[in-house]
Amino acid sequence: MTVVVLRPLELRDAPAIFAAVERSREALRRWMVWHDDAYDVKSAEAWVQYAVAAHTAGNSLHFSVRDADDQIVGVLSLEDISPETGRAMIGYWLATSATGRGLGTRAVREAVSWAAAHSRIRVIWSLVAEANAPSRRVLESNGFTIVGVRERDERGDIPLVYEKALP
Ligand SMILES: CC(C)(COP(=O)(O)OP(=O)(O)OC[C@H]1O[C@@H](n2cnc3c(N)ncnc32)[C@H](O)[C@@H]1OP(=O)(O)O)[C@@H](O)C(=O)NCCC(=O)NCCS
């Protein structure tokens, strides 16, 4: 399968990632634990450097998410890849302006297909707040099912554990 939405993260992507964060603060503040109101272009540069190094080492895989105009509108990561168990955690976010058009569903679909064909990942899991309806829908559309429920977190959200076994 050709990956058309996801592209391995590159060092030069940092300014575009910061710009996507900057125009999506409200949603990211609500749903992404890493978001901080002080997040700036230096934060984006530091994270991209770390992410590209982790990608190269094979510990985690980080992709930019592109829209139809090839503009960066978000990030999708497969993290904490365990060579022993073949498990990896998926995380993703999109700029608010790019949401509601099926891009999240498509990005996760591409990540699953890519991982099945090109990695040793055999199970992908995710933690999603019960109240995050769009994110839950994205996973469920891609065949993920709920396998666990965690204690209410410090934000008052109930984290659901989703999982999908790859073919
Ligand atoms: C979660 C996120 C990636 C979804 O991306 P997206 O491109 O908007 O999602 P899609 O358009 O592919 O699909 C969203 C689905 O949720 C549904 N949806 C959207 N808003 C909804 C709502 N308030 N209640 C219920 N369903 C909703 C859509 O109808 C669609 O369902 P469908 O496939 O049955 O039509 C995006 O909203 C985002 O980045 N949010 C902020 C960060 C975040 O929450 N990341 C995930 C953390 S676990």
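Two strands pair if DSSP finds at least two bridges between them. Helices (H or I, at least four residues) and strands (E, at least two) are DSSP runs, numbered from the N terminus. The model is predicted: local features need pLDDT of at least 70, side-chain atom pairs count only at pLDDT 80 or more, and totals for chains, interfaces and linings use all residues. Residues are numbered from 1 along each chain as its sequence is written.

**Exercise 1. The sheet**

Task: Give the strand order of the open sheet, then find its edges.

Solution:
- Step 1. Seven strands form the open sheet, in the order S1-S2-S3-S4-S5-S7-S6, with mixed pairing.
- Step 2. The edge strands are S1 (6–8) and S6 (145–149). Each has a single partner strand, so one side of each lacks a neighbour in the sheet.
- Step 3. On average, neighbouring strands are turned by 30° against each other, direction ignored. Axes are lines fitted to C-alpha atoms, for helices over the stretch in contact; angles run from 0 to 180 degrees between N-to-C directions.

**Exercise 2. Pairing sense and register**

Task: Which sense does the pairing of S4 and S5 have, parallel or antiparallel? Then treat S3 with S4, S5 with S7 and S6 with S7.

Solution:
- Step 1. Strands of a sheet pair through backbone hydrogen bonds, either parallel or antiparallel.
- Step 2. S3 (residues 72–79) runs antiparallel to S4, joined by six bridges. Val75 has Trp93 of S4 as its bridge partner.
- Step 3. S4 and S5 run parallel, with three bridges. Here Met89 is matched with Trp125 in S5 as its bridge partner.
- Step 4. S5 (residues 123–129) and S7 are antiparallel over seven bridges. Leu127 stands opposite Val161 in S7.
- Step 5. S6 and S7 (residues 159–165) are antiparallel over four bridges. Gly148 has Val161 of S7 as its bridge partner.

**Exercise 3. H1 against H3**

Task: Describe how H1 packs on H3.

Solution:
- Step 1. Two packed helices are described by the angle between their axes and the distance between the axes.
- Step 2. The axes of H1 (residues 14–22) and H3 (residues 41–57) come within 8 Å and cross at roughly 125°.
- Step 3. The two helices H1 and H3 are therefore oblique. (Angles under 35 degrees count as roughly parallel, over 145 as roughly antiparallel, 65 to 115 as roughly perpendicular and the rest as oblique.)
- Step 4. The crossing of H1 and H3 is right-handed. (Left-handed: the near helix is turned anticlockwise from the far one by less than a right angle; right-handed: clockwise.)
- Step 5. From H1, Ala14, Pro15, Ile17, Phe18 and Val21 meet Val41, Ala44, Glu45 and Val48 of H3. (Contact: C-beta atoms, placed from the backbone, within 7 Å.)
- Step 6. By class, this contact has eight nonpolar, no polar and one charged residue. (Ala, Val, Leu, Ile, Met, Phe, Trp, Tyr, Cys and Pro count as nonpolar, Asp, Glu, Lys and Arg as charged, the others, Gly among them, as polar.)

**Exercise 4. The ligand shell**

Task: Which element gives the largest share of the shell around the ligand? Then describe how H4 and H5 pack.

Solution:
- Step 1. Of the 21 residues around the ligand, Thr99, Gly104, Thr105, Ala133 and Arg137 come nearest. (Near: C-beta atom, placed from the backbone, within 6 Å.)
- Step 2. Two or more residues each come from H2 (25–31), S4 (87–94), H4 (103–118) and H5 (133–141).
- Step 3. H5 gives the largest share, six residues.
- Step 4. H4 and H5 pack at about 40°, axes 9 Å apart. H4 and H5 are therefore oblique to each other.

How values were computed
Contact = placed C-beta atoms within 7 Å.
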